[in-house]
Amino acid sequence: MKIIDLKCAIIGKSPIVRIVTDEGISGYGQAETWKSYLKPHILAFRDALIGEDPTNVERVMLKIRQRGGFKPWGSAVSVIEMALWDVAGKAAGLPVHKLLGGRVRDKVRVYNGSIRFPMPDHSPQSLAADIKRMMDLPEGFTMIKQPIGFHSAMKREVADFYYGEPNKSPFHGALDRGPITEKGLNHFVDCVAAMKEVTGDKIGLALDAGPGWMLPDAIRLARKLEPYHLLWVEDLLSGDYTPWVNAGVYRELTRATSTPIHTGEQIYLRQNFKELIESQAVSVIGPDPADVGGIAELKWIAEYADLHGIMMAPHGTANGLLGLAALIQVSATLPNNFLAFEYTTGDPAWWYDIVEGFPKTIVKNGFIDVLERPGMGVDLIPEAARAYLAPEDQAFFE
């Protein structure tokens, strides 16, 4: 089998990769909805892939892996990797999890990080009501992650939240950073207390709280949050689009508190997790398969983290339905340090009409059954998807 073409189209808001082979099998990968600008970056790899056997995934990846970088630039490499695995699974007539060593669980736990509701403000009452709405969702999530602090409009809408001036960035994932005020710190903790009043011990609560915190403030916050038994506090010091790791600083934070500290969604490749894991700088890591280099890279990192007593909660919001399938396949194979992955939805909603392979009810009681169709377990429906192709992408399925 040989690759005869690499195509990329923007469907909705997502860059979609299609690897075309000489045996009529195609494999697909999907990048975050925020990253439509990656199309030319993805297509720049086309000539390097033509003529390669897509089922030799690692051999193909060795040609392009060094051309990626921290979020968002690792996405172009990552979605190609997932499309290669999709081809390999379809060619073998097996779900991808079989090619990664086989599943160790029949259903995979997910946490809600993508189904959101508008809030009137960022008061404790509003955040508590928001958590209640998420608890009432039919998906029956057992874990919920709430954006708060620097990872939300709280930094702008709560007066004097920190000693700094928040910026309105033209890009997704702006980095506002500065020392927290006493008022801001107390407001943050009051919001967590209000949310925990609602969840009790029935639902695991995680916080997506940064990046943006200074180390002394992060330590104060984490210690104040200890009584609330949170699943984790995410990306306090770095994360999202910050192109660095800061393992040594994270280690200082983690050693100062019993509150679990989480980071990793922006990090590209196993080498950049090495110090974070070996120094046990965090309690939980959350690489995103669509940013870290793909699903095999994520599995390697999970295994290495398990050796060092670090938990795994992969990132995934905005990865779309093809990204959801990839997360299901790889998460089914991860060791027992796996907590849950971040559930991602079809955006826009018509995505559910152009993808086949999911059950009618995807999430039941906070879990997704492992998909058993060949490849990633789902496929685009060309006849339905064509209606959403831009004029310049009309040849995508040809």
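Hi everyone, let's start with helix α6, which has 12 residues and spans 17 Å from its first C-alpha to its last, close to the 16 Å expected at 1.5 Å a residue. That expected span is 1.5 Å times one less than the number of residues in the helix. A word on labels: helices (H or I, at least four residues) and strands (E, at least two) are DSSP runs, numbered from the N terminus.

Before going on, you should know that this is a predicted model, where local features need pLDDT of at least 70 and side-chain atom pairs count only at pLDDT 80 or more, while totals for chains, interfaces and linings use all residues. Residues are numbered from 1 along each chain as its sequence is written, and side-chain values use heavy atoms, with hydrogens and water left out.

Back to α6. Which of its residues are buried? They are Pro124, Ser126, Leu127, Ala128, Asp130, Ile131, Met134 and Met135. Buried means under 20% relative accessible area, exposed means over 50%, and partly exposed is in between, using a 1.4 Å probe and protein chains only. The cover over these buried residues includes β4, β5 (143–147), α7 (154–157), α8 (182–199) and β6.

Now look at the loop between β4 (107–112) and α6 (124–135), where you will find Phe117. Phe117 has a relative accessible area of 29%, so this residue is partly exposed. Leaving aside neighbours within four places in sequence, Phe117 is in contact with Asp130, Arg133, Met134 and Leu137; contact here means heavy atoms within 4.5 Å. Take one of those partners: Phe117 and Met134 are 17 residues apart in sequence, and their C-alpha atoms are 8.5 Å apart in space.

Strand β4 also holds a residue I'd like you to find, Val110. Is Val110 buried or exposed? Val110 counts as buried, because its relative accessibility is 0%. Beyond its neighbours within four places in sequence, Val110 is in contact with Phe141, Met143, Ala340, Phe341, Tyr343, Val363, Gly366 and Ile368. Here is a nice one for the 3D view: Val110 and Asn365 are 255 residues apart in sequence, yet 9.6 Å apart from C-alpha to C-alpha.

Next, helix packing. Two packed helices are described by the angle between their axes and the distance between the axes. The axes are lines fitted to C-alpha atoms, for helices over the stretch in contact, and the angles run from 0 to 180 degrees between N-to-C directions.

Our first pair is helix α3 (residues 57–64) and helix α4 (residues 75–92), whose axes come within 10 Å and cross at roughly 160 degrees. Therefore α3 and α4 are roughly antiparallel to each other. The cut-offs are these: under 35 degrees is roughly parallel, over 145 roughly antiparallel, 65 to 115 roughly perpendicular, and the rest oblique. The crossing of α3 past α4 is right-handed. For handedness, picture the near helix turned from the far one by less than a right angle: anticlockwise is left-handed and clockwise is right-handed. On the α3 side, Val57, Val60, Met61 and Ile64 meet Val77, Ile80, Glu81, Leu84, Trp85 and Ala88 of α4. By class, this contact of α3 with α4 has nine nonpolar, no polar and one charged residues. Nonpolar here covers Ala, Val, Leu, Ile, Met, Phe, Trp, Tyr, Cys and Pro; charged covers Asp, Glu, Lys and Arg; the others, Gly among them, count as polar.

The second pair is helix α9 (residues 215–224) with helix α10 (residues 247–255), which pack at an angle of about 30 degrees with axes 9 Å apart. That angle makes α9 roughly parallel to α10. Leu215, Ala218, Ile219 and Ala222 of α9 make the contact with Val249, Glu252 and Leu253 of α10. The classes in this contact of α9 with α10 are six nonpolar, no polar and one charged. The crossing of α9 and α10 is right-handed.

How many residues of α14 are buried? The answer is 12 of the 12, so α14 is largely enclosed by the rest of the structure. Helix α14 covers residues 320–331 and reaches 16 Å from first C-alpha to last.

Last, some loop details. The peptide bond from Gly210 to Pro211 is cis, with omega near 5 degrees, and Pro211 lies in the loop between β6 (204–208) and α9. Another cis peptide bond joins Asp347 and Pro348, with omega about 0 degrees.
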